[in-house]
Amino acid sequence: MLDIYTLGEDVLREKTQRVTEFDSGLAILIDAMFETMQEADGIGLAAPQIGVSKRFFVVDTRRPNEQIAFINPEIIETSHEVGTYEEGCLSIPGVYYDIVRPLSVTIQAQDIHGKAFTLKATDLLARVIQHEYDHLNGTLFIDRMEDDAREKLVKAYNRKHKKRR
Ligand code: NI
């Protein structure tokens, strides 16, 4: 099981580097990410969340054919239609909030062998992809909240998760 980094860790705010080696190390890491995410009851996990500042993430919506690793992804199209959905994040445990995002996206990425693919996603899959993609740019879902709401929530979160010295 991998450690999941949480709010306050610098790696969550860094801009990530492209993956260049599609070796067994990457495959093993991605397997471990799927396991860690499923164990934690998450539906998405991005590399910075396990302390790796690289451009990849995994998703598993628990729906058929929606257990996917995205390496060096680019979202190339988003719908004009937006929707609201209550998001959470394994790096900000206990915090949930309604976030507005496009309802569908088209994403290009590579698989663990380096093979390129394009996927048009809707519904929950589109939602998770956008949330995880944000992680690769150092963006967390709380950044997409209104300022007042975010400040309140982060204060409450910090009180609850005060680091022991
Ligand atoms: Ni997240």
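**Exercise 1. The second largest pocket**

Task: In this predicted model, find which element gives the most residues to the lining of the second largest pocket, and describe the character of that lining.

Solution. Begin with the list of residues. The second largest pocket is lined by Ala27, Ile30, Asp31, Phe34, Gln67, Ile68, Ala69, Asp111, Ile112 and Phe117. Next, sort them by element: α1 and β3 are the elements that contribute two or more residues to this lining. The top contributor is α1, with 4 residues. Then look at chemistry, where the lining splits into 7 nonpolar, 1 polar and 2 charged residues. Finally, add the volume, which is about 160 Å³.

**Exercise 2. Helix α1 and its surroundings**

Task: Work out what span helix α1 should have from its number of residues, and set it beside the distance between its end C-alpha atoms. Then say which strands its buried residues pack against.

Solution. Start with the length: α1 covers residues 24-39, which is 16 residues. The expected span is 1.5 Å times one less than the number of residues, so α1 should span 22 Å. The end C-alpha atoms are 22 Å apart, in agreement with that value.

Now turn to the faces of the helix. Leu26, Ile30, Met33, Phe34, Thr36 and Met37 are buried in α1. The partners of the buried residues are β1 (44-46), β2 (56-60) and β3 (67-78). Two of these buried residues, Ile30 and Phe34, also appear in the lining of the second largest pocket. Last, follow the chain out of the helix: just after α1, aspartate 41 has a positive phi of about 65°.

**Exercise 3. The nickel site**

Task: Name the residues that coordinate the nickel ion, give their spacing along the chain, and decide whether Cys89 and His135 are buried or exposed.

Solution. First, the donors: Cys89 (SG), His131 (NE2) and His135 (NE2) coordinate the nickel ion at 2.1 to 2.2 Å. Along the chain these donors follow the pattern C-x41-H-x3-H. The site joins distant parts of the chain, with cysteine 89 in the loop between β4 (82-87) and β5 (97-102) and histidine 135 in helix α2 (residues 123-135), 46 residues apart.

For the burial step, the cut-off is under 20% relative accessible area. Cysteine 89 has 10%, so this residue is buried. Histidine 135 has 1% and therefore counts as buried too.

**Exercise 4. Glycine 42 and the largest pocket**

Task: Place glycine 42 in the fold, list its contacts, and describe the lining of the largest pocket, which includes this residue.

Solution. Glycine 42 sits in the loop between α1 and β1. With a relative accessible area of 6%, glycine 42 is buried. Beyond residues up to four places away in sequence, glycine 42 touches Met37, Asp60, Arg62 and Leu90. As a distance check, glycine 42 and isoleucine 129 are 87 residues apart in sequence, while their C-alpha atoms lie 13 Å apart in space.

Move on to the pocket, whose volume is about 400 Å³. Its lining has 21 residues, and those nearest the centre are Gly42, Ile43, Gly88, Cys89 and Leu90. Here we meet Cys89 again, one of the residues coordinating the nickel ion. Both β4 and α2 provide at least two lining residues, and α2 has the largest share, with 5. By class, the lining holds 10 nonpolar, 6 polar and 5 charged residues.

**Exercise 5. Positive phi and burial**

Task: Asparagine 72 and aspartate 123 each have a positive phi. Which elements hold them, and is each buried or exposed?

Solution. Take asparagine 72 to begin with: its phi is about 50°, although this residue is not a glycine. Asparagine 72 belongs to strand β3 and counts as buried, at 5% relative accessibility.

Aspartate 123 has a phi near 55°, again in a residue other than glycine. This aspartate is in helix α2 and counts as exposed, at 57% relative accessibility.

To finish, compare another aspartate of helix α2. Aspartate 134 is in that helix, yet counts as buried at 7% relative accessibility. Apart from neighbours within four places in sequence, aspartate 134 contacts Arg101, Thr139 and Arg144.

How values were computed:
Residues are numbered from 1 along each chain as its sequence is written. This is a predicted model: local features need pLDDT of at least 70, side-chain atom pairs count only at pLDDT 80 or more; totals for chains, interfaces and linings use all residues. Side-chain values use heavy atoms; hydrogens and water are left out. Buried means under 20% relative accessible area, exposed over 50%, partly exposed in between (1.4 Å probe, protein chains only). Contact means heavy atoms within 4.5 Å. Donors are N, O and S atoms within 2.8 Å of the metal (3.2 Å for Na, K and Ca); water is not among the atoms, so sites may look incomplete. On a 1 Å grid over the protein atoms alone, a cavity is a set of points where a 1.4 Å probe fits but cannot get out, and a pocket is an open set with protein on both sides within 12 Å along at least five of seven lines; lining residues have an atom within 4 Å of a point. Grid points are joined across faces, edges and corners, and a volume is the space filled by probe spheres set on the points. Ala, Val, Leu, Ile, Met, Phe, Trp, Tyr, Cys and Pro count as nonpolar, Asp, Glu, Lys and Arg as charged, and the others, Gly among them, as polar.
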